[in-house]
Amino acid sequence: MGEAPAFLVDDLQNEPLNGFELKNGTCKTTTTIGNKMYVIGGADDGTLSIEVQIFDRSLGEWIHPTVHGTKPLSSKGHSAVFLNDRILILKKGAKSDDQIWFLEVDTQYVRQQQKQLGTEVVAWSKGVIGNAEKPVVISGPSGVGKGTLISMLMKEFPSMFGFSVSHTTRAPRGMEKDGVHYHFTEKSVMEKEIKDGKFLEFASVHGNLYGTSVEAVEVVADAGKRCILDIDVQGARSVRSSSLEAVFIFVCPPSMEELEKRLRDRGTETEEQILKRLRNAAAEIEQGKSSNIFDFILYNDNLEECYEKLKKLLGLGGCVAATPKSALGEFNLPLDHSVSKIDDKIIINCISSGLEKESKNLIMLDVSALKGGAPGRTRGLDFQAIGSFSDGLIGMERLS
Ligand SMILES: Nc1nc2c(ncn2[C@@H]2O[C@H](COP(=O)(O)OP(=O)(O)O)[C@@H](O)[C@H]2O)c(=O)[nH]1
Ligand SMILES: Nc1ncnc2c1ncn2[C@@H]1O[C@H](COP(=O)(O)OP(=O)(O)O)[C@@H](O)[C@H]1O
């Protein structure tokens with residue numbers, strides 16, 4: 001809390017309009033929601049990130065919120081549009097994969113975090129054009145064949161699926177590579193990162209700490225791929241109650257005897273670890289079958305048959321129904337543009353001046369079907385060029 005920085009006082013006294021840049025040349029915008037005025041813009045601390053401050057108009061005080069999520073880097077300016085529970089930020093002159101961001105101010109995730117931390121919380125989430133399929137959560141007891149099924153999927157569809165690389169405090173097995181199979185980490189480091197809000201979920205499994213970082217899921221979404229998470233039942237429960245909409249699959253062994261055989265034949269665990277995993281397996285199978293967490297239960301008896309069923313429930317039976325990233329086209333936002341909002345359509349008026357004439361392009365950004373959000377990416381954005389005005393001509397072109 002504190003007083004308004006001097007450079008902002010003049011601007012704020014002039015009651016700036018929502019989404020308009022302040023005139024002090026710092027590339028900041030204000031958005032007023034109730035008594036709170038969100039001042040968003042280039043940080044003055046040399047970090048090059050976009051900073052968020054909140055001015056409580058009823059108390060006349062500044063609030064410095066806890067900011068979750070990866071912050072966008074600052075740009076040559078931005079437009080801000082308020083959408084019910086979040087502020088859409090359109091960065092000027094940014095690269096096409098870095099121009100649309102959301103600052104969540106009153107979403108379910110933000111409210112949960114506020115309750116938990118007892119402070120004002122806001123959260124950044126990058127916007128992703130297109131409708132990448134929902135992430136896939138795969139759970140099941142140790143040795144049931146989750147890793148084998150996931151490897152088969154990634155091998156057959158390398159450009160479609162990306163694996164969420166978890167963090168763990170357990171020691172690497174012979175063939176496991178740091179950063180590929182897991183991020184192998186120290187317990188104290190992981191605990192600190194959990195406290196700092198860097199994890200989407202975490203759990204203690206078979207005596208070790210495992211967790212999915214927000215970044216692990218974001219990296220896959222940014223690559224335009226469908227994210228696969230191999231996590232235990234506790235982790236699946238946490239993800240189920242998060243904003244990451246996913247398909248939840250539980251893999252069951254044909255029998256406990258077969259599970260034990262697979263674990264022993266794999267030869268990666270000590271006798272003590274095998275016994276611990278088998279003890280935990282019964283409870284996991286019980287929870288997997290009886291809880292309402294999972295959408296599908298798969299029995300992994302014959303591997304090939306199980307894999308075919310997995311593909312079928314992911315919509316991969318026969319022809320592959322996936323939108324290649326390139327088909328979505330590019331959405332480029334020029335430096336010079338103005339923005340207006342009609343229901344859940346954002347109309348962006350882009351002005352570009354050539355040698356002889358000035359032309360205007362209208363782009364419509366559709367935010368009616370947003371999916372996901374902080375922590376992670378916001379999917380489901382669509383855009384369309386709805387006209388170009390030059391010498392009185394209007395062209396219509398569908399871009400996605
Ligand atoms: N909650 C949670 N569980 C995880 C994560 N990563 C792996 N697990 C689970 O931890 C358990 C042990 O994994 P691992 O040590 O690789 O042994 P394995 O299942 O026998 O191959 C499995 O049930 C995994 O699904 C994670 O990020 N979060
Ligand atoms: N359907 C199956 N029938 C026989 N063996 C299997 C089958 N599925 C997996 N396996 C084997 O069982 C062992 C455990 O599989 P893995 O994928 O490592 O399990 P998880 O990742 O669930 O711990 C591996 O040696 C794997 O080759």
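**Two domains, two ligands**

I'll start at ligand 1: one of its nitrogen atoms sits 2.8 Å from an N or O atom in the side chain of Asp232. That falls under polar contact, meaning a pair of N or O atoms within 3.5 Å; within protein, one must be able to donate a hydrogen and the other to accept it, and residues adjacent in sequence count only if both atoms are side-chain atoms. The protein covers 95% of the 570 Å² of accessible area that ligand 1 has on its own, with areas taken from the Shrake-Rupley method with a 1.4 Å probe; for residues, only the protein chains shown count as cover.

Before going on, this is a predicted model: local features need pLDDT of at least 70, side-chain atom pairs count only at pLDDT 80 or more, and totals for chains, interfaces and linings use all residues. Residues are numbered from 1 along each chain as its sequence is written, chains are lettered from A and ligands numbered from 1 in the order in which they are written, and side-chain values use heavy atoms, with hydrogens and water left out.

Back to ligand 1. Its oxygen atoms also have partners: one oxygen is 2.9 Å from an N or O atom in the side chain of Arg173, and a polar side-chain atom of Thr212 lies 3.3 Å from an oxygen. Around ligand 1 there are 20 residues, the closest being Ser142, Ser166, Arg170, Tyr182 and Tyr210; to be counted, a residue needs a heavy atom within 4 Å.

Next, ligand 2. It has 14 residues around it, and Gly143, Lys146, Thr148, Arg266 and Asn300 come nearest. The side chain of Asn300 places an N or O atom 2.8 Å from a nitrogen of ligand 2. For Arg266, a side-chain N or O atom is 2.8 Å from an oxygen of the ligand. Taken alone, ligand 2 exposes 560 Å², and the protein buries 73% of that.

Now the domains. An automatic or database assignment gives domain 1 as 28-130 + 328-386 and domain 2 as 136-314. Their C-alpha centres lie 34 Å apart. In contact (heavy atoms within 4.5 Å) are 11 residues of domain 1 and eight residues of domain 2.

What does the rule find across that interface? Three salt bridges, each a side-chain nitrogen of Lys or Arg within 4 Å of a carboxyl oxygen of Asp or Glu. Lys126 forms a salt bridge with Asp222, where the closest N and O atoms are 4.0 Å apart. The rule also finds three residue pairs in polar contact across the interface, both residues at pLDDT 80 or more.
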